[in-house]
Amino acid sequence: MAPNPLHALALLPLYFKRPMAADPLALSISSTFVDIEVAWLYIAGAPFSHGYWHSLSVAATLYPVLVTALVIVIERRCPQQAAWLFRALRWRGGEQRHTTKSIYLCALLGGVSHIFIDMWTHPESCYILWPFAVTSPNPFYLGQWAFAVEFAVLLSSIYAALLWYKAARE
Ligand SMILES: [Zn+2]
């Protein structure tokens, strides 16, 4: 079970390698906000932690549209605050305006990658194939081999941290 921030960090090499094409805010929001559902279900007292949001169908359709709208509001309606945030995070070269298409593609990638990481590593993720099937236990769960997915996420996150450190010092 990759810790939530690693879902974002593991994708950020894309931004550090292609700052003009990849929007780091869209990647970060889309890959982490899926887990709002986990908090929501916990507060609601549900006996499981992954519901509809943790399905490929939502992650590939409605979710990236909502994230794209949110990112566009942040970056285009509040440009000063967005520029401040990018500077504070040392996301240089990310201040320029990303196209709606690149924001959408980053939001799509973030959401779908979150589900792909969770589907192999969370035994209780039963809504992956929703609305076609709700399968308990999660048939994609790799059991003890889940660590291989977590290790790949960790490696990509370490790579991102190194690129981030290098970019911040330039
Ligand atoms: Zn999740």
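Helices in this account are DSSP runs of H or I with at least four residues, numbered from the N terminus. In that numbering R90 falls in the loop between α7 (79-88) and α8. The structure is a predicted model, and every value discussed here is computed from it.

R90 is a convenient point of entry. Its phi is near 60°, a positive value in a residue other than glycine. The relative accessibility of R90 is 38%, so the residue counts as partly exposed.

Helix α8, which follows that loop, spans residues 100-121 and carries D118, one partner of a pair that links distant parts of the chain. The other partner, D35, sits in the loop between α3 (24-32) and α4 (36-44), and 83 residues separate the two. Both of these aspartates are buried.

What brings D35 and D118 together in this description is the zinc ion, for which both serve as donors through OD atoms. The remaining protein donors are H54 and H114, each through NE2, and the donors lie 2.0 to 2.2 Å from the zinc ion. Read along the sequence, the donor residues follow the spacing D-x18-H-x59-H-x3-D. The angles among the 4 donor atoms run from 89 to 173°, and the site is classed as irregular. The reason lies in the criterion: four donors count as tetrahedral if all angles lie between 85 and 135 degrees, and the upper end of the range at this site is 173°, so the tetrahedral label does not apply. Water is not among the atoms, so sites may look incomplete.

Helix α8 also takes part in a helix-helix contact. Two packed helices are described by the angle between their axes and the distance between the axes. For α8 and helix α9 (residues 146-169), the angle is about 150° and the axes are 8 Å apart. On the α8 side the contact is made by I117, W120 and T121, while α9 contributes A146, V149, E150 and V153. By residue class, this contact comprises 5 nonpolar residues, 1 polar and 1 charged.

The loop between α8 and α9 holds two prolines of interest, P131 and P137. The peptide bond from W130 to P131 is cis, with omega near 5°. A second cis peptide bond joins S136 to P137, where omega is near 0°.

Further along, helix α9 contains A160. With a relative accessible area of 0%, A160 is buried, because the limit for that class is under 20%. Leaving aside neighbours within four places in sequence, A160 is in contact with L9, L12, P13 and F16. F16 recurs in an aromatic cluster, in which ring pairs link Y15, F16, F86, W91 and W164. Across the whole structure, a search finds 11 aromatic pairs.

The path from A160 leads on to A8, which is placed in helix α1 (residues 4-9). The C-alpha atoms of A160 and A8 are separated by 9.7 Å, although their positions lie 152 residues apart along the chain. A8 has a relative accessibility of 8% and therefore counts as buried as well. Not counting residues up to four places away in sequence, A8 touches S28, S31 and T32. For A8 and S28, which are 20 residues apart along the chain, the C-alpha separation is 4.7 Å.

Notes:
Residues are numbered from 1 along each chain as its sequence is written. This is a predicted model: local features need pLDDT of at least 70, side-chain atom pairs count only at pLDDT 80 or more; totals for chains, interfaces and linings use all residues. Side-chain values use heavy atoms; hydrogens and water are left out. Donors are N, O and S atoms within 2.8 Å of the metal (3.2 Å for Na, K and Ca); water is not among the atoms, so sites may look incomplete. Four donors count as tetrahedral if all angles lie between 85 and 135 degrees; four count as square planar and six as octahedral if opposite donors are over 155 degrees apart and all others between 65 and 115; anything else is irregular. Buried means under 20% relative accessible area, exposed over 50%, partly exposed in between (1.4 Å probe, protein chains only). Axes are lines fitted to C-alpha atoms, for helices over the stretch in contact, and angles run from 0 to 180 degrees between N-to-C directions. Contact means heavy atoms within 4.5 Å. Ala, Val, Leu, Ile, Met, Phe, Trp, Tyr, Cys and Pro count as nonpolar, Asp, Glu, Lys and Arg as charged, and the others, Gly among them, as polar. Rings of Phe, Tyr and Trp (its six-membered ring) pair if their centres lie within 6.5 Å; planes under 30 degrees apart count as stacked, over 60 as edge-to-face and the rest as tilted.
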